[in-house]
Amino acid sequence: MKRMFRKSWGAEPGEGGTRFRLWAPGQKRLTLRCDGNDHPMTPTDGGWFELTLPGVGAGAAYAFMLDTGQVVPDPAARAQTGDVHGPSRVMDPGAFDWSPWAGRPWEEAVIHEVHIGTFTPEGTFRAAIEKLPHLAQTGVTALEIMPVAQFAGNRGWGYDGVLPYAPHPAYGTPDDLKALIDAAHRHGLMVLLDVVYNHFGPEGNYLAAYAPEFFDPDRQTPWGDAIAYDRDPVRRFFIENALYWIDEFHLDGLRLDAIDHVRDTTEPDILTEIALRIRERFPHAHLTTEDNRNITHLHARDESGQPRLYSGEWNDDFHNVAHVIATRESEGYYADFTDDPIARFARALAEGFIWQGEHSPSANAPRGAPSAHLPPTAFVDFLQNHDQTGNRAFGERLLTLSTPGMVRALMTIHLLSPHIPLLFMGEEWGETRPFAFFTDFEGDLARAVREGRRREFAGFAAFKDAGLRDTIPDPNAPETFEASRIDWARPATDEGGAWLAFTSGLLALRHAKIVPHLKGAGGDSGKVLLAQDGLIAVDWRLNGATLGLRANLSDNTAALPGASGDCILGTPGPLAPHQVTFWLEVTA
């Protein structure tokens, strides 16, 4: 399919030349510097400046010179000539030769979250292509890539991006990213991209120099002034970015980061409009959100059971209570899940969220909304992800914090529940290397990040001593980044091979027995039959079948309520500690 998307912002090559456009309401004049030559731009209505240069095409270097003489990059550049401070580069968005791809339905999703820089020894888009057969053979159906918008330096998680349209050059070129996505499609894998619309990073964002109206100083986020989504040019910047990634990169969907900090009072709000615009052009795209508020109105289904706006929500409640069960940790936000964690875990499995409007002790306020009415596929569950691993002081993986038996039991529940499962890179083979928080800042900013990181843990019992806090890895140290690379040799070891076979077997069972009954599965499908003393019994009414879970997370052998149908995993009868059975009764 030929793509015809054109951005409002930045450089747009066309027949015979390139159009350049920038919203700079704080400027009296604006100059385009292209391949070493300066060209006055024409002011138009609403603070926009425009210029079309005949004969300029892909490969040209350009930047904008403000009336102060400061030269800044294009905030909507498809690529830079170098770092975030230098000139941008004109790119031909239609040059890539794509393979045919029809996509996959959401209910088939088994998501594998990766950080490109630490996913392979090379840390590039092209190197990741070589690992796609492994993912497909494991049973993964969707590759989810952490943010790739260009940020300052080479190393980082990606959430400090300042050029949201430009893939980070340390990972490769835009065409390298397209090659990865195209190769994933040839292996039957969907590709989802994590995007950040709630803030810009602390270095390399020049918008305030020429468009201070882009921000709202009366509202604050954890990262500074809030973004003024109610202003049309700002709104276009983000809506078009979402469309751009799906259109030009043939992505199957997006994950919107921390939308609780995307605050907009216009009608429709920007999150709704992003989803509506995407579904209008790409009705089969899969959109997910991360939101600490446990909201549900963005994830409602229509009369046919299809998402009206967003397909799913990252379910931190599932992770948090599972983590408490596995590790018995109780500090920080885990404190909300220490009271009867087995009952809370059962509620998460049956209804999605645990906090559904009750008073949260850690927030000291009501949190969440009723969620049982949503289908089970509206919840993206995980035992590990970049946040929950990397935001620990040392980035430890779950297998280093709990016992193998408990982790296997929780992973069985996780991968065979009717929710959408997400694995964090290496989890399939029982990765034990840490995933730490890392950045690549310099000077005062590097020092502030390092000291701020260590202050974060001052309230935890293990780090009351300042000397112990000093042992927390320095985010800016290259070795912190290097230590976070996953170990591709581990699957060849006895332990790693056993974990990989375990994961692959569960996913094969999921695809064969459970996925066929997820399409059309409605809300209010889960029912808790037992949740006490480490024992869990939950049934889900799916499309044409009832799925039953019986799990013993205690230290003693125990009998659980009977289940209907065939035992598709495990053995009928009393369950030994950390044993799990799944049952399936096909009704239609």
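Biologist: Tyr165 and Tyr244: buried or exposed?

Modeller: Both are buried. Keep in mind that this is a predicted model.

Biologist: How many aromatic pairs does the structure hold?

Modeller: There are 38 aromatic pairs in the structure. Tyr165 and Tyr244 make one of them, a tilted pair with 4.9 Å centre to centre and 55° between the planes.

Biologist: Where do Tyr165 and Tyr244 sit in the chain?

Modeller: In distant parts, 79 residues apart. Tyr165 belongs to strand E13 (residues 163–167), and Tyr244 to helix H6.

Biologist: And Phe353 with Phe379, what are the numbers for that aromatic pair?

Modeller: The rings are 5.2 Å apart centre to centre, with 85° between the planes, which is an edge-to-face pair. Phe353 is in the loop between helix H9 (341–351) and strand E20 (359–360), whereas Phe379 is in strand E22 (residues 379–382). They are 26 residues apart, and the pair links distant parts of the chain.

Biologist: Are Phe353 and Phe379 buried or exposed?

Modeller: Buried, both of them.

Biologist: Back to H6. At what angle do the axes of H4 and H6 cross?

Modeller: Roughly 70°, with the axes of helix H4 (residues 174–186) and helix H6 (residues 232–249) coming within 10 Å. The range from 65 to 115 degrees counts as roughly perpendicular, so H4 is roughly perpendicular to H6.

Biologist: Which residues make the contact?

Modeller: From H4 they are Pro174, Leu177, Lys178 and Ile181, and from H6 they are Trp245, Glu248 and Phe249. Sorted by type, the contact of H4 with H6 has five nonpolar residues, two charged ones and no polar ones.

Biologist: Different topic, sheets. What is the order of the five strands in the open sheet?

Modeller: The order is E24-E25-E26-E28-E27, and the pairing is antiparallel. Strand E24 (526–532) and strand E27 (566–569) are at the edges with a single partner strand each, so one side of each has no neighbour in the sheet.

Biologist: By how many degrees are neighbouring strands of this sheet turned against each other?

Modeller: 20° on average, direction ignored.

Biologist: How many bridges join E25 to E26?

Modeller: Seven, between antiparallel strands E25 (residues 535–541) and E26 (residues 545–552). As an example, Val538 has Leu549 in E26 as its bridge partner.

Biologist: And the other side of the sheet: over how many bridges do E26 and E28 pair?

Modeller: Eight, in the antiparallel sense. Opposite Glu585 of E28 stands Thr546. E27 is joined to E28 by three bridges, and those two strands also run antiparallel. For a residue there, take Asp566, which stands opposite Leu584 in E28.

Biologist: Which strands does helix H11 lie across?

Modeller: Helix H11 (residues 404–416) lies across E26, E27 and strand E28 (579–586), and runs at about 20° to E28. Helix H15 (residues 494–514) packs on the sheet as well, touching E26, E27 and E28. The direction of H15 makes about 145° with that of E27.

Biologist: What about the four-stranded open sheet, in which order do its strands come?

Modeller: E1-E2-E6-E5, with antiparallel pairing. Strand E1 (10–14) and strand E5 (42–43) are the edge strands, each pairing on one side only. E5 is paired with strand E6 (residues 48–54) over two bridges in the antiparallel sense, and Thr42 has Glu50 in E6 as its bridge partner.

Biologist: How many residues are in the hairpin that joins E15 to E16?

Modeller: Two residues make the connection. Strand E15 (residues 215–221) and strand E16 (residues 224–227) pair over four bridges, antiparallel. Gln220 stands opposite Asp225 in E16.

Biologist: Last one, Leu271. Which helix does Leu271 lie in?

Modeller: Helix H7 (residues 270–281). Leu271 has a relative accessible area of 6%; buried means under 20%, so Leu271 is buried.

Biologist: Which residues does Leu271 touch?

Modeller: Leaving out residues up to four places away in sequence, Leu271 touches Leu256, Ile259, Val262, Leu298 and Tyr310. Its C-alpha atom is 8.8 Å from that of Ile239, and the two residues are 32 residues apart along the chain.

Methods: Residues are numbered from 1 along each chain as its sequence is written. This is a predicted model: local features need pLDDT of at least 70, side-chain atom pairs count only at pLDDT 80 or more; totals for chains, interfaces and linings use all residues. Side-chain values use heavy atoms; hydrogens and water are left out. Two strands pair if DSSP finds at least two bridges between them. Axes are lines fitted to C-alpha atoms, for helices over the stretch in contact, and angles run from 0 to 180 degrees between N-to-C directions. Contact means heavy atoms within 4.5 Å. Angles under 35 degrees count as roughly parallel, over 145 as roughly antiparallel, 65 to 115 as roughly perpendicular and the rest as oblique. Ala, Val, Leu, Ile, Met, Phe, Trp, Tyr, Cys and Pro count as nonpolar, Asp, Glu, Lys and Arg as charged, and the others, Gly among them, as polar. Rings of Phe, Tyr and Trp (its six-membered ring) pair if their centres lie within 6.5 Å; planes under 30 degrees apart count as stacked, over 60 as edge-to-face and the rest as tilted. Buried means under 20% relative accessible area, exposed over 50%, partly exposed in between (1.4 Å probe, protein chains only).
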